[in-house]
Amino acid sequence: MKTIGIGFIGAGDIANLHARAIHDLAGAKLVGLWNRTREKGQAKANEFGCKSYNSVDQLLSDQEIQAVFVLTNMETHCEYTIKAAKAGKHILVEKPAASSIVELREMQVAIDKAGVRCMPVHNYIYEPSIERTKSMIQSGKLGEITQFYMMYNIHHADEIRARYPGVIRQILTHHSYTMLFLAGEPSKVSCFSNTVDKTLAPQENVAMANIQMQNGTLSHLCASFANDDHAGDPWTCIIKVIGTKGSTRYSYRDFVINERNGAHSQTYHNYPESIKNTATHFINRVVRNGEDPLSSLQDAITCQKIIEACEISVKEGVHVNLT
């Protein structure tokens with residue numbers, strides 16, 4: 001089996017999980033990485049046992065690399081994705097895939113012109129439980145889908161959330177993509193947000209959206225960095241699909257390890273496993289076998305429309321029609 005060489009553009013916290021996934025995957029090798037801060041990049045390269053490059057161009061010119069993971073901040077995803085495409089590399093790009101619909105369309109043009117594959121990261125849809133839910137929906141076993149819910153309540157310390165955009169872009173992006181995968185195309189969006197303690201970070205840390213899908217399904221999306229949920233059957237991260245003939249549930253709380261994992265007070269094992277599933281799907285099925293990803297740039301455009309509609313709804317206090 002030919003080894004697929006991988007390069008990382010960016011070496012932040014999420015790089016640790018992607019590196020672990022590649023390390024555990026037969027036929028894949030992390031060749032090297034570039035990071036904006038040279039010292040941090042070298043430290044991560046030492047930790048991962050790979051090269052450290054002086055520039056993105058140097059990484060992209062390495063013929064040992066067939067695919068790159070774009071793991072930088074959202075504002076640079078478009079630039080690095082287009083550069084990687086022009087270099088003939090397949091691309092996995094972390095979420096949110098870009099800052100705007102315009103950027104996503106520019107990325108799509110570059111991908112199509114280069115003839116490479118690009119897979120936005122939306123790790124929930126690569127979880128076996130979510131793929132099983134999709135199969136049950138498509139087979140009609142759940143009947144007509146009436147409701148979709150996705151809740152997220154994981155406290156993030158101020159110094160951590162200050163590095164992120166608000167929860168609408170940081171978390172509801174995940175929710176929107178999962179909803180799109182399971183419930184269909186959106187029609188109308190209404191969203192509210194709140195910022196609990198604005199002393200360090202003014203961006204919202206609580207948001208809720210109600211969405212009607214084109215097929216009539218009603219969706220409720222909730223995200224909070226302001227609090228944990230320690231009640232019985234907590235809504236730490238939970239996805240529920242309800243139909244006329246049945247229902248399904250996915251929860252972070254089904255697999256918990258009592259040790260800290262980055263911003264999380266415990267290790268919700270589904271999270272690192274979902275990153276591993278995503279990287280594995282990209283390397284083995286998209287890059288190696290030439291299959292289409294479950295998450296496309298066109299889906300990312302629809303997702304971005306939902307996020308921008310949420311922001312308009314919050315700002316103007318209106319329902320936003322997407323059709």
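## A tour from helix α9 to the open sheet

Begin by selecting helix α9 in this predicted model, where 12 of its 12 residues are buried, so that the helix is mostly covered. Showing the side chains of α9 brings up the buried residues by name, namely Leu172, Thr173, His174, His175, Ser176, Tyr177, Thr178, Met179, Leu180, Phe181, Leu182 and Ala183. Step past the end of the helix and you arrive at glycine 184, which follows α9 and has a positive phi near 110°.

Next, select helix α6, residues 128-139, which has 12 residues and reaches 16 Å from its first C-alpha to its last, close to the 16 Å expected at 1.5 Å a residue. Within α6, colour Ile130, Thr133 and Ile137, which are buried. If you then turn the view to look down the axis of α6, its buried residues fall within an arc of 55°, so they line one face of the helix. On the face turned away from that buried side, look for Arg132 and Gln138, which are exposed.

What do the buried residues of α6 pack against? Adding the neighbouring elements to the selection shows that these residues pack against the helix α9 (172-183), where the tour began, and also against β7, β11 and β12. Before leaving α6, select glycine 140, which follows the helix and, with a phi near 85°, has a positive value of that angle.

The contacts of α6 lead on to the sheet, so select its strands now and follow them across in the order β12-β11-β7-β10-β9-β8-β15; these seven strands form an open sheet, and their pairing is mixed. At the edges of the sheet are β12 (247-251) and β15 (320-321), each of which pairs on one side only.

Staying inside the sheet, isolate strand β7 (residues 145-153) together with strand β11 (residues 237-243); the two run antiparallel and are joined by seven bridges. Along this pair, label methionine 150, which stands opposite isoleucine 239 in β11.

For a last stop, move to the loop between α10 (270-287) and α11 (297-316) and select asparagine 289, which is found there. Is asparagine 289 buried or exposed? Its relative accessible area is 52%, and because residues count as exposed when this value is over 50%, asparagine 289 is exposed. With the side chain of asparagine 289 displayed, draw a distance to the backbone oxygen of asparagine 284, which this side chain reaches at 3.2 Å.

Methods:
Residues are numbered from 1 along each chain as its sequence is written. This is a predicted model: local features need pLDDT of at least 70, side-chain atom pairs count only at pLDDT 80 or more; totals for chains, interfaces and linings use all residues. Side-chain values use heavy atoms; hydrogens and water are left out. Two strands pair if DSSP finds at least two bridges between them. Helices (H or I, at least four residues) and strands (E, at least two) are DSSP runs, numbered from the N terminus. Buried means under 20% relative accessible area, exposed over 50%, partly exposed in between (1.4 Å probe, protein chains only). A polar contact is a pair of N or O atoms within 3.5 Å; within protein, one must be able to donate a hydrogen and the other to accept it, and residues adjacent in sequence count only if both atoms are side-chain atoms. The expected span of a helix is 1.5 Å times one less than its number of residues. The arc is that of the directions from the helix axis to the C-beta atoms. Contact means heavy atoms within 4.5 Å.
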